[in-house]
Amino acid sequence: FWEYHDKLFGNQSSLTAESLKKYAADTGLDTGKFNQCLDSSKYEARVQDALAAGKGLGISSTPTVYVNGRMINGAQPVEVFESVIDEELARGK
């Protein structure tokens with residue numbers, strides 16, 4: 001899983017069906033099962049539902065993190081998280 005995961009993140013500009021199958025083969029996944037699952041679109045409805053739910057919450061990128069209802073959108077330095085957490089802790093006192 002993690003090897004495939006890393007391969008996808010390292011090749012975000014090339015995520016076509018053909019590329020996904022190649023990455024599966026490159027990382028030693030069971031290509032028969034992988035290709036069958038991908039070609040069948042078995043989980044497409046679940047993925048679309050998750051995308052719609054995220055869009056409904058105003059999420060437009062990953063990662064998106066909520067801290068006490070406050071959205072932190074996109075990859076942020078640790079200082080951003082520390083600041084928001086500290087502010088929320090101070091509000092609770």
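This report walks through the overall layout, the helix packing and a few backbone oddities of a predicted model.

## Overall layout

The protein has 5 helices and 2 strands. Reading from the N terminus, the order is α-α-α-α-β-β-α. The radius of gyration comes out at 18 Å, well over the 12 Å that the globule rule gives for 93 residues, so the protein is more spread out than a compact globule.

If you want a box for it, the C-alpha atoms fill roughly 55 × 25 × 20 Å along the principal axes.

## How α1 sits on α2

Two packed helices are described by the angle between their axes and the distance between the axes. For helix α1 (residues 2-10) and α2, the axes come within 10 Å and cross at roughly 140°. That angle makes α1 oblique to α2, because only angles over 145 degrees count as roughly antiparallel. The crossing of this pair is right-handed.

On the α1 side, the residues involved are Tyr 4, Lys 7 and Leu 8; they meet Leu 20, Tyr 23, Ala 24 and Asp 26 in α2. Sorted by class, the contact of α1 with α2 has 5 nonpolar and 2 charged residues, with no polar ones.

## How α2 sits on α3

Next along is the pairing of helix α2 (residues 17-26) with helix α3 (residues 31-40), which pack at an angle of about 160° with their axes 10 Å apart. α2 and α3 are therefore roughly antiparallel to each other. Here too the handedness is easy to state: α2 passes α3 in a right-handed crossing.

From α2, the contact uses Ala 17, Leu 20, Lys 21, Ala 24 and Ala 25, while α3 brings in Thr 31, Phe 34, Asn 35, Leu 38 and Asp 39. By class, that contact of α2 with α3 has 6 nonpolar, 2 polar and 2 charged residues. As for the spacing along each helix, an α-helix has 3.6 residues a turn, so residues three or four places apart point the same way. Leu 20 and Ala 24 of α2 are among the residues that touch α3, and both also turn up in the contact with α1.

## The two ends of α3

At the N-terminal end of α3, Asp 30 acts as a cap: one of its side-chain oxygens lies 3.1 Å from the backbone nitrogen of Gly 32.

After α3 comes Ser 41, placed in the loop between α3 and α4. Ser 41 has a positive phi of about 55°, although it is not a glycine.

## A cis peptide bond

Most residues other than glycine have a negative phi, and most peptide bonds are trans. Besides Ser 41 with its positive phi, there is a second spot to look at: the peptide bond from Thr 62 to Pro 63 is cis, with omega near -5°. Pro 63 belongs to the loop between α4 (44-56) and β1 (64-67).

Terms used: Residues are numbered from 1 along each chain as its sequence is written. This is a predicted model: local features need pLDDT of at least 70, side-chain atom pairs count only at pLDDT 80 or more; totals for chains, interfaces and linings use all residues. Side-chain values use heavy atoms; hydrogens and water are left out. Axes are lines fitted to C-alpha atoms, for helices over the stretch in contact, and angles run from 0 to 180 degrees between N-to-C directions. Helices (H or I, at least four residues) and strands (E, at least two) are DSSP runs, numbered from the N terminus. Angles under 35 degrees count as roughly parallel, over 145 as roughly antiparallel, 65 to 115 as roughly perpendicular and the rest as oblique. A crossing is left-handed if the near helix is turned anticlockwise from the far one by less than a right angle, and right-handed if clockwise. Contact means heavy atoms within 4.5 Å. Ala, Val, Leu, Ile, Met, Phe, Trp, Tyr, Cys and Pro count as nonpolar, Asp, Glu, Lys and Arg as charged, and the others, Gly among them, as polar. A polar contact is a pair of N or O atoms within 3.5 Å; within protein, one must be able to donate a hydrogen and the other to accept it, and residues adjacent in sequence count only if both atoms are side-chain atoms. The radius of gyration is taken over C-alpha atoms; the globule rule is 2.2 Å times the number of residues to the power 0.38.
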